[in-house]
Amino acid sequence: MMRAISLVIALLMIFSSCTSTSNTYSKSEYLTGKGYGMTAEDAQLNAKVELASLFGTNVKSVTARTITENKDGYDESFIKASEIVIDVEDLYGLEIVETKREKDGRYTSVAIINKEVASSRYKAEIENLVNSLNKIEKLPIEANGSFESLEKAVSYYSLVEKYNMYVSIINYLDNANISYYDIRKAENVYSEVSNSICLEIILSGDENGKIEAELARLLTDMGIKISGGSEMPTAIAEGQINFRKIQGTGIASDFVFAEYDIEIRLRDLLNDRALFVYTSHGREGHQNYGSAKSRAIAVIIEELESSFKEQFEDKYSL
């Protein structure tokens, strides 16, 4: 309890020591945003979002740690702002210069960006992005049925997206009129490459076929065509699932455990290269091995729907 009281005192000292700086930054030199919230971190996040919204785009979802007081001390939770385009945490030169607690218990915060510093940095970044995009234009991404090309298409889309974000910012900072890149072109490249892929799934150790069926459903939902035997595959997802029976000991001596290992390796047939590997390990218990194994299979399927999907989408989805 004393630790919680000390933390409260320290936080109050920090916020009460902040001076009113929101009026000390001239509009000719700085961009400013003011935010409000029930916590200091809410207010700071909202100040950043308010500042980012000046660039004429939406603001990208940002996760921020929030500390809230309760009768036993402090709890930590996580909040998300609204869906956005610009990631406020990546804005160059953004600073929180004021955070204070108001008489009504709410917090206010002020965020700033030095226009000259930010403009110089964004111009350099835009130049680098133009060079990268020009290289891709000179060496087009082939729709050759490979996940290697799909990964390149994802990178291409990300470059265009970042370029447009930076152009939006520099157009506002310098009152410029730089043209945006057509994001639809990058989307079309991705679609063409994705549609050229035909994936065959081969899993060993999947006795009842439930895991393969779930994997096929997940990949189909993500836009990947699965080979049905009539079309030649361009890539293969090879998997190995191993189960081991383990007798419980001690207080768990009445239980039998089904320990499992699973590995799924994605391989392009074009160049015979493995580009993506997913692994998982665990065990599930029950009073008989058959039930323990069924529970293990259910957990494997849940992991495919969560961790496998997340890793796959991070690499191969827009």
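Accessible areas here come from the Shrake-Rupley method with a 1.4 Å probe. Keep that in mind for the opening exercise, and note that the model is predicted.

**Exercise 1. The protein as a whole**

Describe the surface, the burial and the contacts of the protein, and state how many helices and strands there are in it.

*Solution.*
- Step 1: Begin with the surface. The protein exposes about 18000 Å², and 48% of this area is supplied by carbon and sulfur atoms.
- Step 2: Turn to burial. Taking buried to mean under 20% relative accessible area, we find that buried residues make up 40% of the 318 residues.
- Step 3: Look at the contacts. Of those with a separation of 6 or more, 67% are between residues 24 or more positions apart.
- Step 4: List the secondary structure. The protein has 7 helices and 10 strands.

**Exercise 2. The sheet of 3 strands**

Work out the strand order of the open sheet of 3 strands, and find which helix packs on it.

*Solution.*
- Step 1: The order is S1-S5-S4, with antiparallel pairing.
- Step 2: At the edges lie strand S1 (30–37) and strand S4 (94–101), each pairing on one side only. From one strand to the next, the twist averages 20 degrees.
- Step 3: Now follow one pair. S1 and strand S5 (residues 107–114) run antiparallel and are joined by 8 bridges; Lys-34 has Val-110 in S5 as its bridge partner.
- Step 4: Add the helix. H3 packs on this sheet, where it touches S1 and S5, and its direction makes about 55 degrees with that of S5.

**Exercise 3. Two packed helices**

Characterise the packing of helix H3 against helix H4.

*Solution.*
- Step 1: Choose the descriptors. Two packed helices are described by the angle between their axes and the distance between the axes.
- Step 2: Apply them. Helix H3 (residues 115–138) packs with helix H4 (residues 147–173) at an angle of about 150 degrees, and their axes are 9 Å apart.
- Step 3: Give the handedness. The crossing of H3 and H4 is left-handed.
- Step 4: Sort the residues of the contact. They comprise 16 nonpolar, 2 polar and 5 charged.

**Exercise 4. The sheet of 5 strands**

Trace the open sheet of 5 strands, and say which strands helix H6 touches.

*Solution.*
- Step 1: Reading across gives S7-S6-S8-S9-S10, and the pairing is mixed.
- Step 2: Strand S7 (225–226) and strand S10 (273–286) are the edge strands.
- Step 3: Inside the sheet, 13 bridges join strand S8 (residues 235–247) to strand S9 (residues 256–268), and these two run antiparallel. Gly-239 stands opposite Ile-264 in S9.
- Step 4: Helix H6 (residues 210–221) packs on the sheet and touches strand S6 (198–204), S7, S8 and S9. The direction of H6 makes about 160 degrees with that of S6.

Conventions
Residues numbered from 1 in each chain as written. Predicted model: local features only at pLDDT ≥ 70, side-chain atom pairs only at ≥ 80, totals over all residues. Heavy atoms only, no water. Pairing = 2+ DSSP bridges. Helix = DSSP H or I, 4+ residues; strand = E, 2+ residues; numbered from the N terminus. Contact = heavy atoms within 4.5 Å. Axes fitted to C-alpha atoms, helices over the stretch in contact; angles between N-to-C directions. Buried < 20%, exposed > 50% of the residue type's maximum accessible area, 1.4 Å probe, protein only. Left-handed = near helix turned anticlockwise from the far one by under 90°. Nonpolar A, V, L, I, M, F, W, Y, C, P; charged D, E, K, R; others polar.
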